Amino acid sequence: MWRNSPRGWGLLAIVLHWSSAVAIFGLFALGWWMTGLDYYSEWYHLAPWWHRGIGVLVMLVILGRIAWRLAQPTPAAHGSRLERRAASWGHLALYVLMLAVLISGYLISTADGKGIEVLGMFTLPAVISDLPEQASRAGVVHWYSAVVLIILSAGHALAAFKHHYVDRQDTLRRMLDPRLSQQGRHAAESKGR
Amino acid sequence: MLKKTAIAALAAGSLLPLAQAQAADYAIDSEGQHAFIQFKISHLGYSYILGSFESFDGTFSYDSEDTASASAQLEVDVTSLTTNHAERDKHILSGDFLNADEYPTATFTSTGFESTGEGEGVLTGDLTLHGVTNTIEMPVTLLGEGEDPWGGYRAGFEGSTELALGDYDIDMSKFPEAMRSLELYVTFEGIRQ
C-alpha cells in the first residue's frame with residue numbers, strides 16, 4: 001500500500017505528490033500577492049513569515065520525495081514513445097525547477113547570514129551568504145523559475161487529463177488511488193490459482 | 001656623456017608627477033576600509049534604520065594652504081548597500097526604490113569648496129543617485145592629518161547632509177512623512193599620492 005509498483009503509485013508517493021502540488025500553487029499565489037502588499041497592510045510581515053516557513057517545509061518534503069522516487073520503482077509510463085520520452089524529461093524538469101525555486105528562495109532570506117525562522121518551530125541556518133548581490137540575483141531566479149514551474153505544472157495537469165479522457169488510461173487514477181499499485185499482485189495471485 | 005644627460009633627463013622627468021602630487025592629491029583608503037558611507041532613515045518616525053554602502057572609491061585634493069582648490073570625487077556601488085537585513089536590502093535595491101539594476105552606481109563630483117573656519121568648510125557638488133543629479137551642499141570637517149606609521153601621509157574628513165528622496169525620483173509617498181528624507185554621513189581617510 002505504501003510502496004510503488006510498476007503498476008502504480010503507493011500511498012506515500014501519492015501523499016507527497018499532492019501535498020507538494022497544493023503547497024507549491026499556494027506558495028506561488030501567496031508570493032505573488034505578498035510582494036504587492038502595501039507597507040501598511042497587516043499582512044506585510046505575516047505573509048512573508050508564512051511563505052518562508054511553508055517554503056522550508058516544502059523543501060524538506062521535496063528532498064524526501066526525490067529520495068523516495070529514486071529508491072522506489074517508477075510505474076510504467078503510458079503513451080507513445082514520444083509521449084513517454086516527453087513525460088520523462090518533463091518530470092525531470094519539474095524536479096529541477098522545484099529545487100531551483102526552493103533553493104533560490106532560501107538564498108534570498110539567508111543572504112546576510114541570518115537563518116530562516118520556520119513558523120516559530122525552528123531556525124534553518126544560513127549556509128551560503130554574502131555572495132555579490134545575493135538577495136537580488138536569487139530573487140530573479142526565484143521569480144522566473146517559479147513562473148516556469150507553474151506553467152510546466154499546468155502542462156503536466158493537461159497531459160494527465162489527456163491520458164485520462166482521450167486515451168482512457170489510468171495515468172491520473174493511479175496518482176489518486178494507491179490500490180491500483182497493488183492490482184498487478186492480486187491479478188498474478190488469482191492467475192496462479 | 002650623452003648617456004648621463006639622458007639619465008638625468010629621465011630622472012627629472014620621473015620626478016615631475018611627484019612634484020605635481022605635492023598639491024595634495026589623496027586616494028580614499030578603500031582597501032584598508034578607513035572610509036564609510038552611511039545613511040540613517042526614520043522607520044515610521046519611531047526609530048532609525050541605519051545602512052551603509054560597503055563598496056565605493058574616490059579621490060580628493062586638499063591643501064590646508066589653499067583650501068579654495070579642495071575637491072572630491074566619489075563613485076559608489078549602489079548594489080553594495082546593506083542594512084543588516086537581506087530581504088529589506090533586496091527591496092531597497094528593487095524598482096520600488098533605488099532600481100539598482102538600472103542605476104548601479106551613484107557618483108559625487110564636487111564643484112566648489114568654501115572654507116568656514118579652521119579645518120571646516122562646505123563642499124558643494126553634484127550627486128547622482130537613481131539616475132537623477134542634484135547639487136548638494138555638505139558641511140565637512142577635517143578630522144586630522146599627518147604621517148601614518150607605515151610611511152604614508154593621511155588626511156581624514158567627515159561630513160553629513162540631508163537628502164530628500166523625492167528629489168531623486170524615489171517615491172516615498174506611501175510612507176510616513178518622517179521616512180521621506182534621510183541623513184547621509186560620510187567619513188573617509190585619504191592617503192596622499
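**Figure 1. The salt bridge across the interface of chain B and chain A.** In this predicted model, the rule finds one salt bridge across the interface of chain B and chain A. The side chains that meet in this salt bridge are those of A:R52 and B:E87, with a distance of 2.5 Å from N to O. On the side of chain B that touches chain A, helix α2 of chain B, which spans residues 86-93, supplies the largest share, namely five residues. Sorted by class, that side of chain B holds six nonpolar, five polar and three charged residues.

**Figure 2. The interface of chain B and chain A as a whole.** In this view, 14 residues of chain B are in contact with 14 residues of chain A, and the two chains bury about 1100 Å² between them, with 53% of this area on carbon and sulfur atoms. Of the area that chain B buries against chain A, 43% is supplied by B:A86, B:E87 and B:K90, which is more than any other three residues supply. Besides the salt bridge, polar contacts can be examined here, and the rule finds six residue pairs in polar contact across the interface, both residues of each pair being at pLDDT 80 or more.

**Figure 3. A:S109 and its partners in both chains.** A:S109 lies in helix α3 of chain A and has a relative accessible area of 12%, which is under the 20% limit, so this residue counts as buried. The side chains of A:S109 and B:E87 are joined by a polar contact of 2.4 Å, while B:E87 also meets A:R52 in the salt bridge. Leaving aside residues up to four places away in sequence, A:S109 touches A:R52, A:K114 and A:I116 within chain A, and B:A86 and B:E87 in chain B.

**Figure 4. The buried face of helix α2 of chain B.** The buried residues of this helix are B:A86, B:D89, B:I92 and B:L93. Seen down the helix axis, these residues fall within an arc of 125 degrees, and they therefore line one face of the helix. What covers them includes parts of both chains, among them α3 and α4 of chain A, the latter spanning residues 134-166, together with β6 of chain B, which spans residues 81-82.

**Figure 5. A:V101 in helix α3 of chain A.** Helix α3 of chain A runs over residues 81-109 and contains A:V101. With a relative accessible area of 12%, A:V101 is buried. When residues up to four places away in sequence are not counted, A:V101 touches A:H142, A:S145, A:A146 and A:L149. The C-alpha atoms of A:V101 and A:W143 are separated by 7.7 Å, although these two residues are 42 residues apart along the chain.

**Figure 6. The elements and extent of chain A.** Chain A has five helices and two strands, and from the N terminus on its elements follow the order α-α-α-β-β-α-α. Taken along the principal axes, the box filled by the C-alpha atoms of chain A is roughly 70 × 30 × 30 Å. Of the 193 residues in this chain, 36% are buried. Among the contacts in chain A with a separation of 6 or more, 70% are between residues 24 or more positions apart.

**Figure 7. Two loop residues of chain B with positive phi.** Most residues other than glycine have a negative phi. B:L44, which is not a glycine, has a positive phi of about 60 degrees, and B:L44 is found in the loop between β2 (35-43) and β3 (47-53) of chain B. Phi of B:H130 is likewise positive, near 60 degrees, in a residue other than glycine, and B:H130 sits in the loop between β8 (120-129) and β9 (132-147) of chain B. B:L44 counts as partly exposed at 29% relative accessibility, whereas B:H130 counts as buried at 13%.

**Figure 8. B:P176 and its contacts in the two chains.** B:P176 is placed in the loop between β10 (153-164) and β11 (181-192) of chain B, and at 17% relative accessibility B:P176 counts as buried. Not counting residues up to four places away in sequence, B:P176 touches A:Y40 of chain A and B:L44 of chain B. The C-alpha atoms of B:P176 and B:G45 are 7.6 Å apart in space, while the two residues are 131 residues apart in sequence.

Note on methods. Residues are numbered from 1 along each chain as its sequence is written. Chains are lettered from A and ligands numbered from 1 in the order in which they are written. Side-chain values use heavy atoms; hydrogens and water are left out. Contact means heavy atoms within 4.5 Å. Buried area is the accessible area (1.4 Å probe) that two parts lose on being put together, summed over both. A salt bridge is a side-chain nitrogen of Lys or Arg within 4 Å of a carboxyl oxygen of Asp or Glu. A polar contact is a pair of N or O atoms within 3.5 Å; within protein, one must be able to donate a hydrogen and the other to accept it, and residues adjacent in sequence count only if both atoms are side-chain atoms. Helices (H or I, at least four residues) and strands (E, at least two) are DSSP runs, numbered from the N terminus. Ala, Val, Leu, Ile, Met, Phe, Trp, Tyr, Cys and Pro count as nonpolar, Asp, Glu, Lys and Arg as charged, and the others, Gly among them, as polar. Buried means under 20% relative accessible area, exposed over 50%, partly exposed in between (1.4 Å probe, protein chains only). The arc is that of the directions from the helix axis to the C-beta atoms.
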